[in-house]
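Q: Let's go through a structure together and check the labels people put on it. What does each label rest on?

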Amino acid sequence: MDGSLEKDETKKRLGWLDFGKVMGILVVLLVHAECAMGPVTFYGGMFYMPVFFVAAGYTFRCRETESFAGFLKKKAGRLLAPYAGTSAFLWLFFWVKDCVLGGNPGDLKLFSIFGIFYSRNQMYNMAYAGENPVLLNLLNAPLWFLTAMFLTYAWYGLISRSRWKYAFLASGAVFAVLWHYSTKLLLPWSLDAVPLFACFMASGEILREKKQEKLLGELWVLGLLLVVFLVSSQLNGSMNLSSGNYGHSVLLCLTSGITGSLLVFAAGMWLQKKYPPFIRLCSLAGRETLTVLCFHMFLFMFIRAGASLPGLPLWLTQAMLVVGSMALLTGAGWAVHNRS
């Protein structure tokens, strides 16, 4: 979901990687539309955020000619600029709607501004027993991902320049685990979770460096991945990375996230061979997952309001939320990018 996907050596988009991103954003929409779809949303919840980190790792390049500052500047343009722009737009919209039109323009929604700077949905994880107000309360809850992805790029880009990369990766993961089990406080910009997200990213880079993509077409590999994914998902239970909920085990969270992502990529590879036009369509949508992420909850508000007027049934409203926001925001993003 890093703006536009990095290009590979052939200078072509990887359709199966875009398919993984599209499947991830579709599960995001289903979850946020409160669609109770049993196995779809349960198992989809295992990979719908990890798949973006794994994809980012696959396309990650540590170029010797590029300075670390230049690397960060590029990622800030792709991730922090949309975060700041979307946050400012949403704050201004709701300030005008709730405060100016409500006759209280002096109310600057300072708590919401604090939430934007903190960039976490809540101050504490889901196990916290005290008051735990929502920080991202301007229909901007999904935006936590952008700052988390930026810091994950920063951390992974930094350690990738060292021959002790995997030692640093493991040390960071140990810190994240110790923090998770010793305190319920969630650090700003997902600092407590970034080392774990970097493990997802490392799995994607290893997939590319070891040239193991062909293994994802082997039935025995797919069978093994499927068994590991199903078992680890069942043992771990539901998780929510945005609120520091990793299920019963951080290790199982990493396992289900990585194996689930690989299975989705394998499905994309198969579809790319069998139904190329469908994957080309996914590539178009894959370019715009950032737009969908940033604005879908804002668009949900208008779709829900429109659906309530004729009293549409819940299932139809939810279908309109998912399909409508995906189509409209993908189309809007495509139009803007092609115009520029």
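A: Start with the salt bridge: a side-chain nitrogen of Lys or Arg within 4 Å of a carboxyl oxygen of Asp or Glu. Keep in mind that this is a predicted model, where local features need pLDDT of at least 70 and side-chain atom pairs count only at pLDDT 80 or more, while totals for chains, interfaces and linings use all residues. Residues are numbered from 1 along each chain as its sequence is written, and side-chain values use heavy atoms, with hydrogens and water left out.

Q: Why do K97 and D98 count as a salt bridge?
A: Their closest N and O atoms are 3.2 Å apart. That falls within the 4 Å limit, and a Lys is facing an Asp, so the label fits. This pair also belongs to a bigger picture: K97, D98 and K109 are linked in a network of salt bridges. The whole structure holds 5 salt bridges.

Q: What makes K97 buried, exposed or partly exposed?
A: The relative accessible area decides (1.4 Å probe, protein chains only): under 20% is buried, over 50% is exposed, and anything in between is partly exposed. K97 comes out at 41%, so it is partly exposed. D98, at 35%, gets the partly exposed label because of the cut-offs too.

Q: And K109, buried or exposed?
A: Its 17% is under the 20% limit, so K109 counts as buried. K109 sits in the loop between α4 and α5. It also has a positive phi of about 50°, although it is not a glycine.

Q: How do you know that R120 and D192 form a salt bridge?
A: Check the distance: 2.7 Å from N to O. An Arg and an Asp within 4 Å meet the rule, so yes, it's a salt bridge. R120 lies in the loop between α5 (110–118) and α6, and D192 in the loop between α7 (165–182) and α8 (194–209), so the bridge ties together parts 72 residues apart in sequence. Both R120 and D192 are buried.

Q: What about K74 and E66: how far apart are N and O?
A: They are 3.6 Å apart, which stays within 4 Å, so this one passes as well. The partners get different burial labels because K74, at 26%, is partly exposed, while E66, at 17%, is buried.

Q: Why are α4 and α6 called roughly antiparallel?
A: First, the helices themselves: they are DSSP runs of H or I with at least four residues, numbered from the N terminus (strands are E runs of at least two). In general, two packed helices are described by the angle between their axes and the distance between the axes. The axes are lines fitted to C-alpha atoms, for helices over the stretch in contact, with angles from 0 to 180 degrees between N-to-C directions. Helix α4 (residues 68–100) and helix α6 (residues 144–159) pack at about 170°, with axes 9 Å apart. Under 35 degrees would be roughly parallel, over 145 is roughly antiparallel, 65 to 115 is roughly perpendicular and the rest is oblique. Their angle is over 145, so α4 is roughly antiparallel to α6.

Q: Which residues of α4 and α6 meet there?
A: Contact means heavy atoms within 4.5 Å. On the α4 side the list includes F68, F71 and L72, and on the α6 side it includes L146, T147 and M149. The residues of this contact split into 14 nonpolar, 2 polar and 1 charged. Here Ala, Val, Leu, Ile, Met, Phe, Trp, Tyr, Cys and Pro are nonpolar, Asp, Glu, Lys and Arg are charged, and the others, Gly among them, are polar.

Q: What makes T86 buried or exposed?
A: T86 is in helix α4. With 5% relative accessibility, under the 20% limit, T86 is buried. Beyond residues up to four places away in sequence, T86 touches L143, C294 and F295.

Q: What does L30 contact beyond its neighbours within four places in sequence?
A: L30 is in helix α1 (residues 15–32), and its contacts are C35, M37, V40, T41 and V322. At 15% relative accessibility, L30 counts as buried. One of those partners, T41, is itself among the buried residues of helix α2 (residues 39–47).
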